[in-house]
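Hi,

Here is the structure I promised to pass on to you. Please open it first, and then read my notes below.

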Amino acid sequence: MPQLAAETSSLEEQLQGWGEVILMTDKVLRWERAWFPLALMSVVSFSFLMIYYLDPSVLSGVSCFVMFLCLADYLVPALAPRIFGSNKWTTEQQQRFHEICRNLVKSRRRIVGWWKRLFTLKEEKPKMYFMTMLFTLAVVAWIGQQVHNLFLTYLIVSFLLLFPGLNQHGIITKYIGMAKREINKLLKHKEKKNE
């Protein structure tokens with residue numbers, strides 16, 4: 001736990017200039033207002049329509065994206081205090097910023113843990129690892145062949161951006177519960193049929 005606190009503190013220091021932007025982004029992603037999902041999907045849809053319309057090459061697209069990130073990295077820490085008024089940083093905002101950083105550190109740890117488990121599986125059960133990877137990658141390749149790259153990317157980005165709000169409002173839990181109930185009904189029905 002002390003290591004988690006140290007990593008969180010380090011991340012807070014690195015992101016300090018982005019504090020106001022991160023808090024505002026968090027509010028949008030968690031849908032604190034009813035119109036945030038619509039605004040979010042409008043921006044994403046417009047961005048993807050522009051990419052589709054302009055049809056840049058991969059090199060141009062990556063270059064423009066990295067250029068945008070560099071501009072944001074340079075301008076946001078300088079302009080955010082003027083736009084959001086950082087002198088109004090409250091204890092509640094600081095606690096929420098700390099919580100966001102802690103969640104980011106935990107997410108990074110989970111991803112690293114999954115990655116380590118994958119390599120542990122490779123060492124301990126190489127045949128299982130090989131079959132799992134082969135099947136998973138074949139399914140992903142098939143999906144990639146059936147669905148246009150840009151549309152698939154749009155769906156993935158949309159889901160990732162909507163996920164925090166869906167989770168915050170209990171929508172994911174609700175539908176997972178419904179799916180579990182339906183699966184249990186099917187299993188019970190199958191058991192009765194077999195008897």
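**What I found**

Let me start at S158, which sits in helix 7; helices (H or I, at least four residues) and strands (E, at least two) are DSSP runs, numbered from the N terminus. S158 is buried, at a relative accessible area of 6%. For that term, buried means under 20% relative accessible area, exposed means over 50%, and partly exposed is in between, with a 1.4 Å probe and protein chains only. Leaving aside neighbours within four places in sequence, S158 is in contact with M41 and V44, where contact means heavy atoms within 4.5 Å.

A word on the source before going further. This is a predicted model, in which local features need a pLDDT of at least 70 and side-chain atom pairs count only at pLDDT 80 or more, while totals for chains, interfaces and linings use all residues. Residues are numbered from 1 along each chain as its sequence is written, and side-chain values use heavy atoms, with hydrogens and water left out.

**Confidence**

The mean pLDDT (the predictor's confidence in each residue, from 0 to 100) is 89 for the protein, and 97% of the residues score at least 70. Helix 3 (residues 36–54) has the highest confidence, at 95, and helix 8 (residues 171–194) the lowest, at a mean of 85.

**Overall form**

The protein has 8 helices and 0 strands, so you will find no strand when you read the pattern α-α-α-α-α-α-α-α along the sequence. Its radius of gyration is 22 Å, whereas a compact globule of 195 residues would have one near 16 Å; the radius is taken over C-alpha atoms, and the globule rule is 2.2 Å times the number of residues to the power 0.38. Along the principal axes, the C-alpha trace spans about 70 × 45 × 40 Å.

Of the 195 residues, 19% count as buried. The accessible surface comes to about 15,700 Å², and 67% of that belongs to carbon and sulfur atoms; these areas come from the Shrake-Rupley method with a 1.4 Å probe, and for residues only the protein chains shown count as cover. Among contacts with a separation of 6 or more, 82% are between residues 24 or more positions apart.

**The cores**

Which residues make up the largest nonpolar core? There are 10 of them: W31, L40, M41, V44, F48, L150, Y154, L162, L166 and I172. A nonpolar core here is a set of buried Ala, Val, Leu, Ile, Met, Phe, Trp, Tyr and Cys residues joined through side-chain atoms within 4.5 Å. The elements that give two or more residues to this core are helix 3 and helix 7 (149–168). Another core, of 8 residues, lies apart from it and has L4, L23, C101 and V105 among its members. C101 counts as buried, at 1% relative accessibility.

Back in the largest core, L150 is in contact with F48, I51 and Y52, once neighbours within four places in sequence are set aside.

**Two loops with positive phi**

Most residues other than glycine have a negative phi. W31 is not a glycine, yet its phi is positive, at about 60°. W31 is found in the loop between helix 2 (19–29) and helix 3, and it is buried, with a relative accessible area of 13%. D55, also not a glycine, has a positive phi of about 45°. D55 lies in the loop between helix 3 and helix 4 (58–85) and is exposed, with a relative accessible area of 61%.

**Pairs far apart in sequence**

R109, in helix 5 (residues 91–124), is partly exposed at 34% relative accessibility. R109 and L4 are 105 residues apart in sequence, and their C-alpha atoms are 9.4 Å apart in space. Not counting residues up to four places away in sequence, R109 touches Q3, L4 and E7.

Q168 belongs to helix 7 and is partly exposed too, at 45% relative accessibility. The C-alpha atoms of Q168 and R30 are separated by 6.1 Å, with their positions 138 residues apart along the chain.

**Cysteines**

How many disulfides does the structure hold? The count is 0, a disulfide being a pair of cysteine sulfur atoms within 2.5 Å. For C70, the nearest cysteine sulfur is that of C64, 12 Å away.

Best wishes
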